[in-house]
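Student: I keep meeting words like "buried" and "polar contact" and never know what earns a residue the label. Can we work through some cases together?

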Amino acid sequence: MTAPAPAPDPEIAAGLARVRAEIAAAAAAVGRDPASITLVAVGKTHPAERMAAALVAGQRVFGENRVQEARGKWPSLRARWPGLELHLIGPLQTNKVRDAVALFDVIQTLDRPRLAEQLSAEIARTGRRPRLFVQVNTGEEPQKAGVAPGALAGFVDACRARHGLAIDGLMCIPPVDDDPSLHFALLGTLAARLGLPGLSMGMSGDYGLAARFGATHVRVGTAIFGVRPTGPATPGP
Ligand SMILES: *Cc1c(COP(=O)(O)O)cnc(C)c1O
């Protein structure tokens, strides 16, 4: 497959500029360096042409929530833009671990011992070492993926000691009906306690708030690419 012709898209460029400006303003408001906040442009359900337009506008870090979709979309884009960075932000089934380790630079959704074990084996086998974030179910929602806050320290210990995995940070998706600041603050506290530098939190509706609460990665789709055409309108479980 060849990469789509890299045509600019003024709306995507404007969306990126707006989001970057809001991140900079939020960082300034709390005395943070805006460069300490990475914008992860979430491309799920949008075609490769729109990713190419964001790349043309200078964006280099992207998120996808499905391994299958990423596999169809990103190898040709990466061939043209070797410096891009791809994050998995959706649930990872153990039978997709091989593809995920091959495709992604960062996996943000490590959330169970079996997955830690499989990732560890695949990393040893391939020598490819994606950076890892542990997803935390800060709202303790039964339908949502992620480690419960009370089980987090034990899980991170096991990842490090038993599976030899380096953990870079924590990720959360707050419950839709809660004040997200409670969840952002909790994730920050948990990360500080465990000595983890990375904090992936904040989406289109609240990335400015997340940046004020210490996010190092904000995951923004709709505010850049517009409303998603089809497929999952909300984050996966
Ligand atoms: C889709 C998705 C996002 C981006 O959501 P928007 O509201 O479109 O910005 C962020 N994080 C995760 C885990 C997602 O699945």
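Tutor: Sure, and let's begin with a term: helices and strands here are DSSP runs, numbered from the N terminus. With that naming, T45 sits in the loop that lies between β1 (38-42) and α2 (48-56). Keep in mind that this is a predicted model.

Student: Why does T45 count as buried?

Tutor: Buried means under 20% relative accessible area. T45 has 17% relative accessibility, so it counts as buried. Its phi is near 75°, a positive value in a residue other than glycine.

Student: And what makes E140 exposed?

Tutor: The label exposed calls for over 50%. E140 has 54% relative accessibility, so it counts as exposed. You'll find E140 in the loop between β5 and α6, and it has a positive phi of about 45° although it is not a glycine.

Student: Why is H87 called buried?

Tutor: Its relative accessible area is 0%, and the limit is under 20%, so H87 is buried. H87 belongs to strand β3 (residues 85-88).

Student: What is H87 in contact with, leaving aside its neighbours within four places in sequence?

Tutor: Contact means heavy atoms within 4.5 Å. Leaving those neighbours aside, the residues in contact with H87 include V40, F62, E64, F104 and H217.

Student: How do you know that the side chains of H87 and E85 make a polar contact?

Tutor: The cut-off for a pair of N or O atoms is 3.5 Å. The contact between the side chains of H87 and E85 is 2.7 Å, which is within the cut-off, so the distance fits the definition.

Student: Is T109 buried or exposed?

Tutor: T109, which lies in strand β4 (residues 106-110), has a relative accessible area of 1%. The limit is under 20%, so T109 is buried. Its side chain also reaches the backbone oxygen of G90 at 2.8 Å. Leaving aside its neighbours within four places in sequence, T109 is in contact with residues including L88, L115, F133 and M171.

Student: How do you know that the span of helix α7 agrees with its number of residues?

Tutor: The expected span is 1.5 Å times one less than the number of residues. Helix α7 (residues 180-194) has 15 residues, so it should span 21 Å; its end C-alpha atoms are 21 Å apart, which agrees.

Student: Which residues of α7 are buried, and what do they pack against?

Tutor: P180, S181, H183, F184, L187, L190, A191 and L194 are buried. The buried residues of α7 pack against β5 (131-136), α6 (152-161), β6 (169-172), β7 (198-200) and α8 (207-212). After α7 comes G195, with a positive phi near 70°.

Student: Now the ligand: which residues around it come nearest?

Tutor: There are 13 residues around the ligand, and K44, S204, G221, T222 and R228 come nearest. The shell divides into seven nonpolar, three polar and three charged residues.

Student: What makes the T222 pair a polar contact?

Tutor: An N or O atom in the T222 side chain is 2.5 Å from an oxygen atom of the ligand. The cut-off is 3.5 Å, so this pair qualifies. Likewise, a side-chain N or O atom of R228 is 2.8 Å from an oxygen atom of the ligand, and a polar side-chain atom of R219 lies 2.9 Å from a ligand nitrogen atom. Taken alone, the ligand exposes 380 Å², and the protein buries 95% of that.

Note on methods:
Residues are numbered from 1 along each chain as its sequence is written. This is a predicted model: local features need pLDDT of at least 70, side-chain atom pairs count only at pLDDT 80 or more; totals for chains, interfaces and linings use all residues. Side-chain values use heavy atoms; hydrogens and water are left out. A residue is near a molecule or strand if one of its heavy atoms lies within 4 Å of it. A polar contact is a pair of N or O atoms within 3.5 Å; within protein, one must be able to donate a hydrogen and the other to accept it, and residues adjacent in sequence count only if both atoms are side-chain atoms. Accessible areas come from the Shrake-Rupley method with a 1.4 Å probe; for residues, only the protein chains shown count as cover. Ala, Val, Leu, Ile, Met, Phe, Trp, Tyr, Cys and Pro count as nonpolar, Asp, Glu, Lys and Arg as charged, and the others, Gly among them, as polar. Helices (H or I, at least four residues) and strands (E, at least two) are DSSP runs, numbered from the N terminus. Buried means under 20% relative accessible area, exposed over 50%, partly exposed in between (1.4 Å probe, protein chains only).
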